[in-house]
Amino acid sequence: MSGSQCTLRFTVNGENCAVQVPPMKRLLDVLREDLHLTGTKEGCGEGECGSCSVRMDGELVNSCLVPVLHAEGANIQTVEGLAASGTLHPLQQAFLKYGGAQCGICTPGMLMAATQLLSINPHPTMAEIREGLAGNLCRCTGFIRIFESVIAAAHNPSTDQGAHAR
Amino acid sequence: MSTNAKTRIVGAPVPRKEGVDKLLGRARYVDDIEREGMWPGATVRSTIPRGFIRSIGFDRRIDWAEFAIATAGDIPGKNHVQLIFADQPCLADGIVNHCDEAILLLAHPNKHKLREAVAAVHIEYEPLPPIFTIEESERQDVIVWGADNLIKSFLLEKGDVDSAWENAAYIVEGEYRTGAQEHLYIENNGVIAEWSEENGVTVWGSLQCPYYVHRSLLAVFDLPEDKVRVIQTETGGAFGGKEDYPSTLAAHAALLAMKSRHPIKMVYDRMEDLAATTKRHPSRIRHRTALDKDGKLVAMDIDIATDAGAYSTLSSTVLSRATLHSSGPYVCPNVRVHSSAWATNTVPYGAFRGFGAPQAVFAIERHMDEIAYAIGIDPIALRRKNFLHDGDTTATEQVMRDPVILDQLLDRALCESDYHAKRARFATGNPTSAIKRGMGVAAFFHGSGFTGSGERYLNSLAGVDVTPEGKLRVLAANTEFGQGTNTILTQIAAESIGIGYDDVIMAPADTGIVPNSGPTVASRTSMVVGRLIERASLQLVAMLREHAELGEHFNSEEFFAASERYRTAHGEVVSLCRYEAPPNIFWDDQKYRGEAYPAYAWSIQVAQVAVDSVTYCTEVEDFWSVQEVGRVLNPVLAGGQIEGGIAQGIGYALYEKVVLQNGHMANNQMTNYIMPTAEDVPPIHVFFEEIPFRYGAFGAKGIGELPHDGPAPAILNAIRDATGVGFRAIPLLPEDLFAQLTACESVEEAAAL
């Protein structure tokens, strides 16, 4: 139920936001409904598919499992924040070139998981890539071209800069 | 004919047309779209598998005046989903035939109140006895569909099977079973609908076939063609799961829009999508095969039974494709295939990538290995002895006029996978290892496009026009849902005309804008619709040369300048083409004889598995896929199709189990319906051999479904190689391996379990 509302403040993609919402509202719904950032997707609503992955204070979270009150004061990054400079992030470039996105519905979450991975491990091994993306389901690609995209982005010198930009 | 011509854009790894939008998160899927005054809609579903609806009660604690409510009685036209047979109601009317069948619809501006209200509708039933299995349906003790539960049957006969057994050197029999499989597109089914007296019904949705939905809505609302408009939104995966179901969901949302006078959004959550929408048909396939002393096939007697669920949906055509793929890529003088689709009280099974072929290919390719072991011949050698070649005839007596290069594909697959050396090495190492390794092969074809005369009936129309803004626009109802329609059709148009990839855009898949170029199914888009776009593009160039002084050689600028001259003088710059069947395509629907498909894509897949004899887990360690799909139009997209299909095939074989309890899917969550993750997929090695097909766009044949057909038998053949036990049913979970392997070790112990 909707219940009482409260005002919460946090940063999304570098911008300060204040929302008046029920404190138990899912961060996913706040992003999509209140902030109109619909790049973040819902696939299962129970933390299995990773489509709703966003980065919150340097951690990868399933935004469908985060009550928005937990986001108070947090620094959140969504897919909309990846190309903030106006050019595609190296991961986005690599996904485009190597076929890492097909239907695109898992792509925002996958990009956030890959960004997270490269931010803590700029040159991951194949096993580390597989583990880093294991919480994000893709039904189209069989993951192979997503792995290739991540490897390519890791070899792109501008990736480090991009990953640490926020 | 352009199949062998040198090309710039066709065959190049140009980036996905809508790729940037998807990567930036700005692609608009249906749930991302808001309409002024829109209400969410919800569905009240049956909780029993079969019975009469005796009453519908509304909890008095809810103020129902706030809600829009729709039942079967509110349907202005026919209460039927229009597909092949009109047996499935949009909303149950007096009787339910499966759990989770839609009975009543609700809409309210507040989604929380709506959820409470769904639980506050109380339906009383008078239960009828349900049936849940093929065997119960065949027994016909309880009739749940028509006069006999039999939704469709086919009989295909070549030669004289009955006389063949007597002189056979070997007769090998086997029964093979496949389970249901869920599409698990990451975006659930969803639509938005609007209704008005003046404009009729408009639907936006995640769907594959705008004109299927259009046709269904015409009948449900009893409206003329121009009063129904269907627009595809960006679609987050489909795989066949958005072929027929959106017709039902669109009708639901449109009914609520009519009742509420508000736009209605209905987007299923995962549990509802899993419980209520179609899955792949479970099957039971029996083979009885006669061979001569050299291992040549003499006769194949095949019996196919599929579980269709409660309504017919696409079960007849799925059964048709299963029938036509059941004897494999082999030559056999005497073949009989008898196939039946049986009704049960489960959610209707429907289209899923492969469309009956994965079931059929699983059975024949497992059976070929069982034959090999039974008669003491190498599985590879057995296949080679019996492969189809140019000039041979298939089970439907279709002469293979185009090159068939199965031997070449097999050689490549064995070489790339180092099959023989590995198999020998594993055979030496396995006895002393807890991890048993093995290699398995599957050989198969997939018929491209609609079966038999299907493409003639579809009579597709597609084309191109030039927009006032100076873009060439592809006009086709074929939808993009990840497989690459936008990119491929754009490449074809750009190449055919000789302009840049960026000079071409796709018209939205909107029945108000694009002609009916047929559904986006059956691996037909590149080959059939692509060819229409190619022809229409060439026709446009000829038109501009004749009427607008377009020169023999021209660049993009000159092309668009000529288009503008044409527009000024003659009006709209548009070129449409209608389907023309390739010559020599004859199909007898009654006898099931003739050219079953205009073209076939061919593949050999090799699986390497490791079976842990302690945990009974199977890991696919490595996978190779060699295929001939005609000309490859975009290597990145084509590779992605093969890899994605294989990953789904691995899930089909080893992970994905639909558990039914009283006909309801019990594991309707991603927590307990398990698909392969990034940690489960093996390295997948993809190789194409290209033989351009004369009648496909730039030589293309179908590709999308092919890769899903082979992994399950290749993997189970590898498990046979690793363990010495031939498993005959999928999904093959660790507990199934445990049960059968321990039973083989000790029959008595297994009996006690």
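This is a short tour of a predicted model, with stops in chain A, at its contact with chain B, and inside chain B.

**Stop 1: the two domains of chain A**

Select residues 6–81 of chain A for domain 1, then 90–164 for domain 2. Their centres, taken over C-alpha atoms, sit 21 Å apart. Now show the contact between them: 13 residues of domain 1 meet twelve residues of domain 2. On the domain 1 side, strand E3 (residues 53–56) of chain A gives the largest share, three residues. That side has five nonpolar, six polar and two charged residues.

**Stop 2: Cys64(A)**

Centre on Cys64(A). Look for the loop between strand E4 (59–62) and strand E5 (75–77) of chain A; Cys64(A) lies there. Is Cys64(A) buried or exposed? Cys64(A) counts as buried because 23 other C-beta atoms lie within 10 Å, and the cut-off is 20 or more. Next, show its contacts beyond four places in sequence: Arg26(A), Leu28(A), Glu42(A), Gly45(A), Gly47(A) and Cys52(A). For a distance check, pick Thr125(A), 61 residues from Cys64(A) along the chain. The two C-alpha atoms are 29 Å apart.

**Stop 3: where chain A meets chain B**

Show both chains. Here 41 residues of chain A are in contact with 43 residues of chain B. On the chain A side, colour helix H2 (90–98), helix H3 (107–120), helix H4 (126–132) and helix H5 (144–154); each gives two or more residues. H2(A) supplies the largest share, five residues. By class, the chain A side holds 20 nonpolar, 13 polar and eight charged residues.

**Stop 4: a sheet in chain B**

Move to chain B and select four strands in the order E16-E23-E24-E27. They form an open sheet with mixed pairing. At the edges are strand E16 (435–448) and strand E27 (684–688) of chain B, each paired on one side only. From one strand to the next, the twist averages 15°.

Zoom in on E16(B) and strand E23 (residues 599–612) of chain B: they run antiparallel, joined by 14 bridges. One residue pair to label is Ala443(B) with its bridge partner in E23(B), Ile604(B). Then add helix H10 (residues 406–417) of chain B, which lies across E16, E23, strand E24 (618–628) and E27. H10(B) runs at about 25° to E23(B).

**Stop 5: the nonpolar core**

The largest nonpolar core has 281 residues. Which members touch the most others? Select Ala193(B), Val203(B), Ala253(B), Ala254(B), Ile533(B) and Ile715(B). Finish on Ile715(B). Beyond four places in sequence, Ile715(B) touches Gly440(B), Ala607(B), Val609(B), Val620(B), Ile650(B), Ala653(B) and Leu654(B).

How values were computed. Residues numbered from 1 in each chain as written. Chains lettered and ligands numbered in written order. Predicted model: local features only at pLDDT ≥ 70, side-chain atom pairs only at ≥ 80, totals over all residues. Core = buried A, V, L, I, M, F, W, Y, C linked by C-beta atoms within 7 Å. Buried ≥ 20, exposed ≤ 12 C-beta atoms within 10 Å, placed from the backbone. Contact = placed C-beta atoms within 7 Å. Domains from an automatic or database assignment. Nonpolar A, V, L, I, M, F, W, Y, C, P; charged D, E, K, R; others polar. Pairing = 2+ DSSP bridges. Axes fitted to C-alpha atoms, helices over the stretch in contact; angles between N-to-C directions.
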